[in-house]
Amino acid sequence: MNIIFMGPPGAGKGTQAEQIVNEFHVPHISTGDAFRLAMSQGTPLGIEAKKFVDQGLLVPDDITIGIVRERIQAADCDKGFLLDGFPRTISQAEALDDIVGTMGKKIDYVINLSVDRNLLLARLTGRRICKSCGATYHVIFNPPIKALVCDKCGGELYQRSDDTEEKVGTRLDEYLSKTAPLLAYYDNQKILRQVNGEQEINAVTADINNLLRGQS
């Protein structure tokens, strides 16, 4: 089963990806992880990607697509994979179709976690992180026992600079404008499935599992 996960920042893709990996035993592949693996292994594409990463630049499409191609052709993807963070553009989606087509495979489902923008803002701007141990909290959904103090180590909690309402709003607007064409692309292929990401975590997981088992 070959799956693509889509959804804006704060939709809960990482949490749900863990559940799918545990339930269906397919590797979770994010572009960041694929880059790090290729760079650590010193592959030709990994070396090229590192040049851009080290300069804080976006990795060009041809290198990104090449690294994804190598990753999904690895042995642990023989029975399927879960892609997260790729594709981000129509050209990447078309390249992915070509890759899986030459492998005699196809993308089975594109799962989009849909969440209201205001709820996403609340989720993302409420995040607080411990300066000492890195533990993550949320002022509404997972607050510490004592305000701005880590339950685990007593360290000070802080808000990341990119978690402010203005910057989060910019990230969400950019995501939505860039991914709208992708959603239409996969909807035209009849493989897009919308899942309500505003539910409790277990309810979202149940909906995804039922979908992947053909029960919805």
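In strand β6, Thr 136 is the bridge partner of Ile 129. Helices (H or I, at least four residues) and strands (E, at least two) are DSSP runs, numbered from the N terminus. The model is predicted, with local features requiring pLDDT of at least 70 and side-chain atom pairs counted only at pLDDT 80 or more, while totals for chains, interfaces and linings use all residues. Residues are numbered from 1 along each chain as its sequence is written, and side-chain values use heavy atoms, with hydrogens and water left out.

Ile 129 also has a bridge partner in β7, namely Tyr 158. Strand β5 (residues 127-130) and strand β6 (residues 136-138) are joined in the antiparallel sense by 3 bridges; two strands are taken to pair if DSSP finds at least two bridges between them. Another partnership of β6 is that of His 138 with Arg 127. Between β5 and strand β7 (residues 157-158) the pairing is likewise antiparallel, over 2 bridges. The result is an open sheet of 3 strands in the order β6-β5-β7, with antiparallel pairing. Its edge strands, β6 and β7, each pair on one side only.

A hairpin is formed by β5 and β6, with 5 residues between them, and Gly 134 in its turn has a positive phi of about 85 degrees. Helix α6 (residues 117-125) lies across β5 and β6 and runs at about 15 degrees to β5. For such angles, axes are lines fitted to C-alpha atoms, for helices over the stretch in contact, and the values run from 0 to 180 degrees between N-to-C directions.

A second open sheet contains 5 strands in the order β2-β3-β1-β4-β8, and its pairing is parallel. The edge positions are taken by β2 (28-30) and β8 (192-196), each of which pairs on one side only. From one strand to the next, the twist averages 25 degrees. Strand β4 (residues 109-114) runs parallel to β8 and is joined to β8 by 5 bridges. Opposite Val 110 stands Leu 192 of β8.

Two helix pairs were examined. Helix α1 (residues 13-24) packs against helix α8 (residues 201-212) at an angle of about 45 degrees, the axes being 10 Å apart. This angle makes α1 oblique to α8, where angles under 35 degrees count as roughly parallel, over 145 as roughly antiparallel, 65 to 115 as roughly perpendicular and the rest as oblique. The crossing of α1 past α8 is right-handed; a crossing is right-handed if the near helix is turned clockwise from the far one by less than a right angle, and left-handed if anticlockwise. On the α1 side the contact involves Thr 15, Gln 16, Gln 19, Ile 20, Glu 23 and Phe 24, and on the α8 side Ile 201, Val 204, Thr 205, Ile 208, Asn 209 and Leu 212, contact meaning heavy atoms within 4.5 Å. These residues comprise 6 nonpolar, 5 polar and 1 charged. In this classification Ala, Val, Leu, Ile, Met, Phe, Trp, Tyr, Cys and Pro count as nonpolar, Asp, Glu, Lys and Arg as charged, and the others, Gly among them, as polar.

Helix α5 (residues 90-102) packs with helix α7 (residues 165-188) at about 35 degrees, with 9 Å between the axes. The contact is made by Ile 90, Ala 93, Glu 94, Leu 96 and Asp 97 of α5 together with Pro 181, Leu 182, Tyr 185 and Tyr 186 of α7. By class, this contact has 7 nonpolar residues, 2 charged and no polar ones.

The structure holds 12 salt bridges, each defined as a side-chain nitrogen of Lys or Arg within 4 Å of a carboxyl oxygen of Asp or Glu. One salt bridge links the side chains of Glu 48 and Lys 51 at 3.0 Å, N to O. Because Glu 48 and Lys 51 are 3 residues apart in helix α3 (residues 44-54), about one helical turn separates them.

Several backbone features fall in loops. Most residues other than glycine have a negative phi, and most peptide bonds are trans. The peptide bond from Phe 86 to Pro 87 is cis, with omega near 0 degrees, and Pro 87 is placed in the loop between β3 (81-84) and α5. Leu 148, a residue other than glycine, has a positive phi near 65 degrees and is located in the loop between β6 and β7. Lys 190, also not a glycine, has a positive phi of about 65 degrees and lies in the loop between α7 and β8.
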